[in-house]
Protein chains: 2
Amino acid sequence: MKLDTINWKILTCLQQNARQSNTEIARKVGVTSPAVAERIRKMEDAGVIEGYHAKVSHSETEHQLKAIITLRAFMGRLKPFLETVKNFDEVVNCYRITGNENIVMEVVLKNQKHLEKFIDKLITYGETRTHIVLSNVVENNPIIKRLPA
Amino acid sequence: MKLDTINWKILTCLQQNARQSNTEIARKVGVTSPAVAERIRKMEDAGVIEGYHAKVSHSETEHQLKAIITLRAFMGRLKPFLETVKNFDEVVNCYRITGNENIVMEVVLKNQKHLEKFIDKLITYGETRTHIVLSNVVENNPIIKRLPA
DNA sequence: GGTGAAAGCATCTGGTG
DNA sequence: CACCAGATGCTTTCACC
């Protein structure tokens with residue numbers, strides 16, 4: 001799908017605050033609200049916009065620990081893991097990757113005991129490496145129109 | 001902040017689709033829409049809800065490559081990196097972590113040439129390890145009310 | 001937390017370049 | 001074909017219970 005300047009501006013608005021009204025976006029972008037509504041609908045249909053999600057604080061919901069865990073799956077244990085990981089509430093994001101490890105996960109946990117229990121759950125699938133997150137340097141950086149690389 | 005069952009239901013709704021109306025949430029949760037509006041406002045003020053963001057497709061915006069890159073900073077180069085990384089458009093998420101590496105980043109790129117250029121930008125800050133993302137196994141798994149660990 | 005009135009917004013229609 | 005302008009029906013917001 002072709003994205004012109006107006007669509008990029010709309011995307012920028014929606015990435016900043018998805019809950020603002022079409023009218024407000026219309027004012028910022030310089031068109032009328034029906035035009036914004038139609039453009040948004042088309043971008044949704046084309047798959048450019050994949051959804052709108054509230055970001056919920058981990059710390060405010062008693063998940064004090066965040067960690068990056070990599071997994072190097074044992075022979076024949078990758079497939080079972082891929083099916084099971086969807087049911088792990090602790091896993092916020094999980095990617096299959098190239099390299100020495102097969103999997104990298106971003107997990108949120110309540111405390112050290114919770115982390116220990118979670119690593120115990122992984123131990124049958126492969127060898128893990130855990131990195132505790134100290135701080136978020138960049139968080140959900142919006143995609144903006146960029147010049148060709 | 002104390003989160004009761006109604007607030008957890010509202011959070012679940014907003015994590016699924018942040019752009020639905022309060023009235024619609026009110027119907028699903030079983031209270032009136034002004035009650036929903038007030039609960040949302042309080043959760044925003046308390047920092048439980050950190051924001052609402054449209055999820056924009058990487059592939060549909062010509063960013064065909066996704067990668068996880070870890071960085072082991074050279075002596076005295078971590079601080080300069082932390083200040084610079086905010087300006088790298090390619091970096092969607094960046095965490096400071098414990099362990100052998102100091103930094104893990106999630107980056108989106110247009111193609112291999114773009115990846116090469118990006119790694120060249122990192123080379124003055126430290127030693128990098130790049131893992132190409134093959135697939136998203138779990139993506140933005142919502143936080144739901146969970147029993148104590 | 002509910003109710004009801006007023007303001008604001010989304011959506012549909014017809015009309016224009 | 002995309003946009004604008006105006007009318008209708010929801011939604012949000014506020015005062016009050």
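**Group meeting: the DNA contact surface and the two largest pockets**

Let me begin with DNA strand C, where 82% of the atoms within 4 Å of the protein belong to sugar or phosphate, and the rest belong to bases. Please keep in mind throughout that this is a predicted model, and that the distances I quote are computed from it.

Which residues are around DNA strand C? From chain A we have Ser21(A), Asn22(A), Thr23(A), Arg27(A), Ser33(A) and Pro34(A), and from chain B there are Val31(B), Thr32(B), Pro34(B), Ala35(B) and Arg39(B). If we sort this surface by class, it divides into four nonpolar, five polar and two charged residues. In terms of secondary structure, helix 2 (22-29) and helix 3 (33-46) of chain A each supply at least two of these residues, and so does helix 3 (33-46) of chain B.

Three side chains deserve a separate mention for their distances to the phosphates. In Thr23(A), a side-chain N or O atom lies 2.4 Å from a phosphate oxygen of DNA strand C. On chain B, the corresponding distance is 2.5 Å for the side chain of Thr32(B), and for the side chain of Arg39(B) it is 2.7 Å.

I will turn now to the pockets, starting with the largest, which holds about 720 Å³ of space. Its lining is made up of 34 residues, and those nearest the centre are Lys55(A), Asn140(A), Lys55(B), Asn93(B) and Asn140(B). Chain A gives two or more lining residues from each of helix 1 (5-16), strand 1 (49-56) and strand 3 (91-97), while in chain B the elements that do this are strand 1 (49-56) and strand 3 (91-97). By class, the lining of this largest pocket comprises 12 nonpolar, 14 polar and eight charged residues.

The second largest pocket contains about 240 Å³ of space, and 16 residues line it. Which of them lie nearest its centre? They are His58(A), Ser59(A), His63(A), Lys66(A) and Asn136(A). At least two lining residues come from each of strand 1, strand 2 (65-73) and strand 5 (126-138) of chain A, and it is strand 5 of chain A that provides the largest share, with four residues. Sorted by class, the lining of the second largest pocket has five nonpolar, seven polar and four charged residues.

To close, I would return to the DNA: the surface near DNA strand C draws on residues of chain A and chain B, and Thr23(A) has a side-chain N or O atom 2.4 Å from a phosphate oxygen of that strand.

Notes:
Residues numbered from 1 in each chain as written. Chains lettered and ligands numbered in written order. Predicted model: local features only at pLDDT ≥ 70, side-chain atom pairs only at ≥ 80, totals over all residues. Heavy atoms only, no water. 1 Å grid on protein atoms, 1.4 Å probe; cavity = no way out; pocket = protein on both sides within 12 Å on 5 of 7 lines; lining within 4 Å. Points joined across faces, edges and corners; volume = space filled by probe spheres on them. Nonpolar A, V, L, I, M, F, W, Y, C, P; charged D, E, K, R; others polar. Near = heavy atom within 4 Å. Polar contact = N/O pair within 3.5 Å; in protein donor to acceptor, adjacent residues only side chain to side chain.
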